[in-house]
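Please look over the protein shown below before reading on. The paragraphs that follow lead through its charged pairs, its interior and its surface.

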Amino acid sequence: QGHVTSYYGPTMQKYTSFQIHPQLHPVVEVLTFGDKVLGLTKDRLQCHIKRGIPSFNFKDPAMTEAQCMAMWKDNHVLIGGKNDLLIDLDLKTNSVCNRAQLGGNETTAIFRKTSRYLCCGGFNGKVMLRDPESLKLQHTLDAHSGISDFDASGHLLVTCGFSQRPGNEPQNWSLDRFVKVYDLRMLRSLTPIQSVVQPSFLRFMSTYTRRMLVVSQSGQFLLLEDNALVTPSTPIYQANLLGTTIINTDTSSSMQAIAFADSGGLLHLWSASATPNFNKFQKEPDFPAMLDPLDPINIEDENTPLSIIPMPYCQKSLFSDWPKQQCIPVSRRPPPIDPELLRTMKVVHGIGYAPNPGSRRRNQVNPLTPTIDYSKPGKIRKKLTTSLHGPQEVQKGRFFKEFESNFGEIKGTNSAIPKVTFKYSKLGEEENEMIQHYNRTFAGMEANIPNAYCNCMLQVCSVGGVFGGAQGYQLTQVLYFIEPLRCGLQSHHNLNKEIDLSEELGFLFHMQDCATSGVLQASNFLRAFRTIPEATALGLVQNSSKSEQMATGGANTNLGHLIQNWARFILQQIHTVNYDVIIGFYERSLVERLFGSEMGNTLFRNGRTTTRKTTQFLFNLNFPPLAKPGEAPTPVPFSSIVKQSICSQVNTKSWDAVTETYQPMVQTKKMTLLPDILVLNCSLLREEDMQFWKKQMEQKAASDSQQRASFKEQQRSTCFVVTILLDSLPEGLDFSFDKSSTTSWLPHHLFMALGGDGELVVKSYNDDGKPYIEYELFATVAHIDDPRTGGNLVAHVNVGEKYHQRKEFSKLITMNLITHFMVDLPIFLGVTHTQWYLFNDFQISAVDKEDSVTFDLKWKIPCILVYKRLDIDFPLTSDILLPTPSISKRRRNLEPMSPGSSMTFTPLMPDELPTCEGVLVALDAEFVTLKAEEAELHSDGTRSTIKPSHLLAARITVVRGEGANEGVPFIDDYISTQEQVVDYLTKFSGGIKPGDLDASVSSKHLATLKLTYCKLRYLIQCGCIIVGHGLSKDFKVINIYVPEKQIRDTVHLFHMPRKRFISLRFLSWYFLCEKIQKDMHDSIEDARTALKLYKKYLELTKDETEMTDFRQNVLKQLYAEGRRLEWKVPE
């Protein structure tokens, strides 16, 4: 009936269905090319794209009885039929290129192609072999009285058909039992193949051998080799036709599937595999994007914008339409021109030219924010304020943020806070433009490493509020942005212990202190985290190698539950290893003093009462049961939820040692000492708890809406007239309502106190004037749920003015405007800025205060809440560079017998220790691979990195850069590791082989990564200038931050813009006439060579004249010589 239907997959799911012929003429053949489908009826050819949308159709007066078609040449199709004509149609231009006239009774029923002939099967039973270029007849094979089917492959052609019986009528014809075989090379027939089934359809299925499919109309089919005989053991298959007959058959291009069509309108799919591939290079079908359903709209809610209500298309004017005279289009008023541009402008031929003052970036306008002056009751004037924090902290207007928030809530997705995927270049390094686009204020965290789901808590733990040093700090502020914890962990170190989670966390905080932008890795901290057996036992260590599961914790992991367990574990772990201050008779760790809440546990059992004191670092919120059906839900303040979660009472059974039986027990918890930082796990794991939170948010919103309506009614009753002067306002104003007027069930402040009887009092407002301890919301961690990717975790952090003062202080030090000794200067910087920020891995942006407490439980689920009390440097010395024994057992046995005989380095003498800034040292590091790179190869030949290789520093070498021992190494440590190495990169890692990093068998000078890391930290802390080649990769793998002013990288010194980077080996040969890295890399040799190249660079650029000559001549000659030699060093 002229209809085409397509199916996909082994389950034959319906994909598209569309009509081809308007008069319902049957479709005689279907072909596919590219992403298009050709359907042929007797008088037209219709083309559709694979999704069913019509592309073009072709009709020709001579095409009246079309029967078959075949792809011919490039984008050409050949059409034949009962009329004596072949039509060559160009599919690109939809025009006829050639019409080949056939002779006599020549007709075409079936087309088949080989490399030599175009085979045309006629209705008269003959097979005509034509020239594929000119379509002229070359030979005719008289096969049958009538052809049923034929196929050709290589030099063979097989046919099946009908033989004539007595009487020349077609009803007297019968199917031949033989399959005739012809050799197209000799143009002669071969021995026919006898078939046990009546052959009606033939197909070659050539894979490794040339097999032939023989199908009968009754549904029986078998597979034969072209030179094999049919034996009793040849398997015969039967299709379940339910009384019908097969009318057509075909095979997939991959030769993995066979399809039959029967007269009852059914399709039968056969395959040797449960999941066959239909095409050799198949791809997933395209599906239409599913529209998200709109949420129901409360028509009585005055805050619902009318613009989100879909309107039907109407040709008549609406009642709400404005008159045409009031709908005159007005162009946007241009921003005023900078007076400095007008002052310096020179006009030439009517065009003004002026130098760029550099006050703003391209296409950037200073943000203007309206504020309302209520000082005059009769008239309100909008004032304009401009952000003073520079272009890097330009915030979006409230209207745009409100639109984004509403859009996310309406759609019910996480479109407001998307998960940003980290992109890599062909070398596996991150794209700097992408980093700068997403982060210009803080250093973000990379998510494409294992166990990166905890980035949000590491960032929450890293934004502080009190400027201070090692001499003292107030215990007032969480992990990095909690200043006391940040300072305490940076001052904690124990070099005798290889794995120390507290110390690695302190190293990470130091990197975040030094870096003001870019992306950092927590690889060393996560490496230490993976080695803790308790973390693995609790399911906190994720070993997935898929990049999309690294920041999501795994394929089937609840991220909210995972991060809450991680927070509980990390606080307990730091508390265990960090006892540093003794107060009174109790030893209290840093975590205990900040997060610890002293709890009195009272156990009442069998008439006896037992009391003991414990310390709890965080609390799980416990929610009351939902109201019964038919009962109105009761509003419950958040403060009461906090109180009942802290002071809980549990009825259970426990073992009684006196009676030696299980007895009922009542356990009551009471708080005896308030913490400085209150951490709450939201524990929204049950559907009942989610519904309770949602009901409380709805009731709070309804209550606030009623209060606003009542306030508006009072305003109307006083006839208060408001006038906004808009005449003198420039463009760019934001006239949306103030978002701070909205409220949330989650309060920004909590007021807590302990009564005289030990009763805990928790309130959201101090409405009775009593002395309460005020807690302010400091951070929230939320799970952004996305069914497609598993979602991600984000953190909202309130960054205080002290942190901004410290950042400004660091910037002034970097600009050499002040020194480190002016410790009191931040107090006088005048920075009073506080701001809420959204930390989404390496995407960090400023947000409104209300965004931190606004949760749409459809996609944004609260996980952790942190409240802080309103009323609360890493010390390294030169001893770190003293000689340290190797941790290798074999080396320790050798060193006493021959001290220093096999040492590859000479430690610094006391008079060589760096005492001032600017001391020159050269560094080189060698690596081994823990996990190989994951990349994908596209069909066009391009290659993209999905996940870069996971490298580990295996050898770190530092040589002296000046003095009598210049070039002599003073650090040459092989780094011990217990992790599995997949590639030692022996050729590039200085000959490191299996066993060299194993402390039990190695003969090298082994050291822990932490010990060598501390040595480098001390050199950086002393202001040493570090020379090397490709230092950015070395520092990234070592996981250390070095200020740019202390780096001298020869890969950049000898580089021209937009040209390739030059290898150290070629630079050494060209400038130093030395051939290095002949057999393999050696870190000592590479560090010395980089030092010599830097000295050569200083020699070539003594003054500005020589610097100009170096850039214009020396580098050009270097690149010219490199291109001539193809960047290979001559042998």
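How many salt bridges does the count come to by this rule, a salt bridge being a side-chain nitrogen of Lys or Arg within 4 Å of a carboxyl oxygen of Asp or Glu? The count comes to 23 salt bridges. The model is a predicted one, in which local features need pLDDT of at least 70 and side-chain atom pairs count only at pLDDT 80 or more, while totals for chains, interfaces and linings use all residues. Residues are numbered from 1 along each chain as its sequence is written, and side-chain values use heavy atoms, with hydrogens and water left out.

As for the whole, the secondary structure comes to 20 helices and 56 strands, where helices (H or I, at least four residues) and strands (E, at least two) are DSSP runs numbered from the N terminus. Of the protein's 1131 residues, 44% count as buried; buried means under 20% relative accessible area, exposed means over 50%, and partly exposed lies in between (1.4 Å probe, protein chains only). The protein exposes about 60,800 Å², of which carbon and sulfur atoms supply 53%, with areas taken from the Shrake-Rupley method with a 1.4 Å probe and, for residues, only the protein chains shown counting as cover.

Side chains of opposite charge can pair when their charged atoms come close. One salt bridge joins R99 and D60, whose closest N and O atoms are 2.7 Å apart. Because R99 lies in strand β10 (residues 95-101) and D60 in the loop between β6 (54-58) and β7 (66-72), this pair ties together parts that are 39 residues apart in sequence. Within the pair, R99 is partly exposed at 41% relative accessibility, whereas D60 is buried at 10%. Another salt bridge, with 3.3 Å between the closest N and O atoms, is formed by E1074 and K1092. E1074 lies in the loop between α18 (1064-1072) and α19 (1083-1100) and K1092 in helix α19, so the pair links parts that are 18 residues apart in sequence. Here E1074 is partly exposed at 29%, and K1092 is partly exposed at 40%. A network of salt bridges also links R112, D149, D151, R203 and D250.

In soluble globular proteins, nonpolar side chains tend to be buried together. The largest nonpolar core, meaning a set of buried Ala, Val, Leu, Ile, Met, Phe, Trp, Tyr and Cys residues joined through side-chain atoms within 4.5 Å, has 45 residues, of which F529, F595 and I864 touch the most other members. Helix α9 (residues 559-577) gives the most to this core, with 9 residues. Apart from it lies another core of 40 residues, including L674, W745, M752 and W836.

Turning to the surface, I297, L306, I309, M311 and L318 make a nonpolar patch of about 500 Å². Patches are made of residues with over 30% relative accessible area and no salt bridge, like charges being joined within 9 Å and nonpolar side chains (Val, Leu, Ile, Met, Phe, Trp, Tyr) within 5 Å. L306 has its place in the loop between β27 (267-271) and α1 (339-344), and it counts as exposed at 70% relative accessibility. A patch of negative charge on the surface gathers D1103, E1104, E1106 and D1109. Among these residues, E1104 is found in helix α20 (residues 1104-1124) and is exposed, with a relative accessible area of 71%.

Methods. Lys and Arg count as positive and Asp and Glu as negative; His and the chain ends are not counted. The place of a charge is taken as NZ of Lys, CZ of Arg, CG of Asp or CD of Glu.
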